[in-house]
Amino acid sequence: MRSAAEHLAQVLALVEPPPPRRVPLREALGAVLAVDVRAAGDLPPFDNSAMDGYAIRARDVVQATEAAPARLALAGESSAGHPWDGVLGAGEAVRIMTGAPVPAEADAVVPQEQVTATAGTVLVDAPVPPGRHIRRRAEDARHGDLVVEAGVRLRPRHLAAAAAAGNGELVVLPAPRVAFLVTGDELAAPGATLGAGQIWESNATYLEAALRSLGAVPVDLGTVGDTGEAVRAAVESADADLVVTTGGASVGDHDPVKEGLAGVGVEFLRVAIQPGKPQGLGVVGGTPVICLPGNPVAVAVCVELFVGPAVRAMLGVPEPAWEPMRALEAWRCPPGREQVMPVVLVDGDADAVAGGVEASGAVAGALPGVRPATSGGSGSHLAARLAAADGLARVRAEADAVEAGDIVAVRRFTV
């Protein structure tokens with residue numbers, strides 16, 4: 001059997017990011033930036049007022065007092081988008097609005113509530129230091145400064161920064177198109193009346209939501225009948241950067257995925273994990289294909305371990321870390337296979353909880369604790385109970401049991 005680490009390396013070797021493309025800002029939300037965003041000009045592009053008030057020369061009011069205010073002649077008005085284009089002279093003031101350009105020779109702004117204004121005259125009763133309430137040109141960014149670094153998944157704040165810095169388009173890694181299909185004549189649509197031997201289908205619902213959550217564009221190839229020809233035709237016709245299949249990849253007499261894809265580029269093998277041992281991997285018609293088992297918990301585990309990393313690699317997004325946490329109760333493990341256990345995270349000090357004392361809060365340096373999400377352990381069929389879990393714990397293949405107090409690697413679900 002291939003280890004999970006070896007299988008992941010093979011998966012990542014097959015996938016490539018779609019070529020970058022230039023898109024308008026409105027289409028870039030959620031995409032990963034492929035090229036640094038730099039300021040197209042100085043930001044702000046000119047000295048401007050931080051207040052509604054009056055632009056003045058600070059030296060004209062240096063002797064101002066309440067008893068003897070400085071009297072300044074009102075020379076004009078500067079508002080946002082409508083600058084005053086004169087040069088401020090001695091003993092003059094210009095009415096100015098927030099964001100408006102500061103007139104030439106003005107070096108301070110007095111807020112309107114700190115002056116007395118009459119027709120054509122402004123009285124200032126205290127000195128004002130140079131630079132007061134002026135936003136200086138390029139104080140946010142200079143022309144060519146880095147504004148958003150490549151590799152960032154673009155959120156509204158990134159788009160706003162790019163726009164403020166004069167960029168109307170961005171070069172992004174487009175979301176990869178990931179096609180998926182499920183197999184099984186026993187599958188019925190959720191909500192449908194079950195016939196003899198049928199179960200409600202959940203893998204397509206999970207995969208579409210998971211792929212969308214990962215940042216991919218899901219392409220539903222539908223529920224394919226239990227024939228190799230139907231599976232091969234669906235995969236070969238997929239317009240996608242990656243294809244994911246579920247079910248029909250084991251060693252049974254009716255495994256249509258294996259029957260349809262084994263001869264056209266997919267290798268079927270066993271991976272040393274529980275759940276998720278029977279899998280396939282390869283390339284069909286130039287498109288990478290990942291074949292997962294059919295049991296719902298195994299699908300969720302394999303998406304977290306293999307499909308998620310593949311999509312993140314295509315997007316240029318780093319892989320979230322697995323963290324050490326303390327098991328709060330014992331459970332059994334399969335011999336010779338790495339166990340991936342759905343777990344519930346327990347707040348507080350795991351050492352205290354394991355000792356029977358409920359902790360009220362985390363202790364500095366203490367490890368979080370985990371418990372199996374269900375009494376059924378990592379059973380690959382326990383789809384309804386998967387909802388109780390917060391994440392997955394990984395137990396090395398050499399271990400045949402986890403004891404209360406043992407350290408295990410844990411990661412919250414990424415989808």
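**Strand pairing**

I began with strand 27 (residues 391-395), which runs antiparallel to strand 29 and is joined to it by four bridges. In this pairing I found leucine 392 opposite arginine 411 of strand 29. I note here that the model is a predicted one.

I then looked up strand 23 (residues 323-327) and found four bridges to strand 29 (residues 407-412), again with the strands antiparallel. Across from methionine 325 I found valine 408 of strand 29.

**Whole chain**

I took the overall figures next. The chain holds eight helices and 29 strands. Of its 415 residues, 46% count as buried. I looked up the exposed surface and got about 19400 Å², with carbon and sulfur atoms supplying 50% of it. For contacts with a separation of 6 or more, I noted that 72% are between residues 24 or more positions apart.

**Helix 4**

Which residues of helix 4 are buried? I listed Gly228, Val231, Ala234 and Val235 for this helix, which spans residues 228-236. Viewed down the axis of helix 4, these buried residues fall within an arc of 135 degrees, so they line one face of the helix.

I then asked what the buried residues of helix 4 pack against. The partners include one helix, helix 5 (256-261). The strands I wrote down are strand 14 (177-183), strand 17 (217-224), strand 18 (242-246), strand 21 (278-284) and strand 22 (287-292).

**Cysteines**

I searched for disulfides, with a cut-off of 2.5 Å between cysteine sulfur atoms. The count came to zero disulfides. I also looked up the burial of two cysteines. Cysteine 302 is buried, at a relative accessible area of 0%. Cysteine 333 is buried as well, at 10%.

**Salt bridges**

How many salt bridges does a search of the whole structure find? I got 14. I went through some of them by residue.

I started with aspartate 42, whose side chain meets that of arginine 137 in a salt bridge, at 2.8 Å from N to O. This pair links distant parts of the chain, with the two positions 95 residues apart in numbering. I placed aspartate 42 in the loop between strand 3 (37-38) and strand 4 (48-49). Arginine 137 sits in the loop between strand 11 (134-135) and strand 12 (146-148). I checked accessibility for both: aspartate 42 is partly exposed at 22%, and arginine 137 is partly exposed at 49%.

Next I looked up arginine 38, which forms a salt bridge with aspartate 36, the closest N and O atoms being 3.8 Å apart. The cut-off for such a pair is 4 Å, so I counted this one, at 3.8 Å. Arginine 38 is partly exposed, with a relative accessibility of 41%. Aspartate 36 is partly exposed too, at 32%.

I then turned to glutamate 398 and its salt bridge with arginine 396, where the closest N and O atoms are 3.6 Å apart. Are these two residues buried or exposed? I found glutamate 398 exposed, and arginine 396 likewise.

Last, I noted a network: Glu304, Arg312, Glu319 and Arg411 are joined into one by salt bridges that share partners. Arg411 had already come up in my first entry, as the residue of strand 29 opposite leucine 392.

Terms used: Residues are numbered from 1 along each chain as its sequence is written. This is a predicted model: local features need pLDDT of at least 70, side-chain atom pairs count only at pLDDT 80 or more; totals for chains, interfaces and linings use all residues. Side-chain values use heavy atoms; hydrogens and water are left out. Buried means under 20% relative accessible area, exposed over 50%, partly exposed in between (1.4 Å probe, protein chains only). Contact means heavy atoms within 4.5 Å. Accessible areas come from the Shrake-Rupley method with a 1.4 Å probe; for residues, only the protein chains shown count as cover. The arc is that of the directions from the helix axis to the C-beta atoms. Two strands pair if DSSP finds at least two bridges between them.
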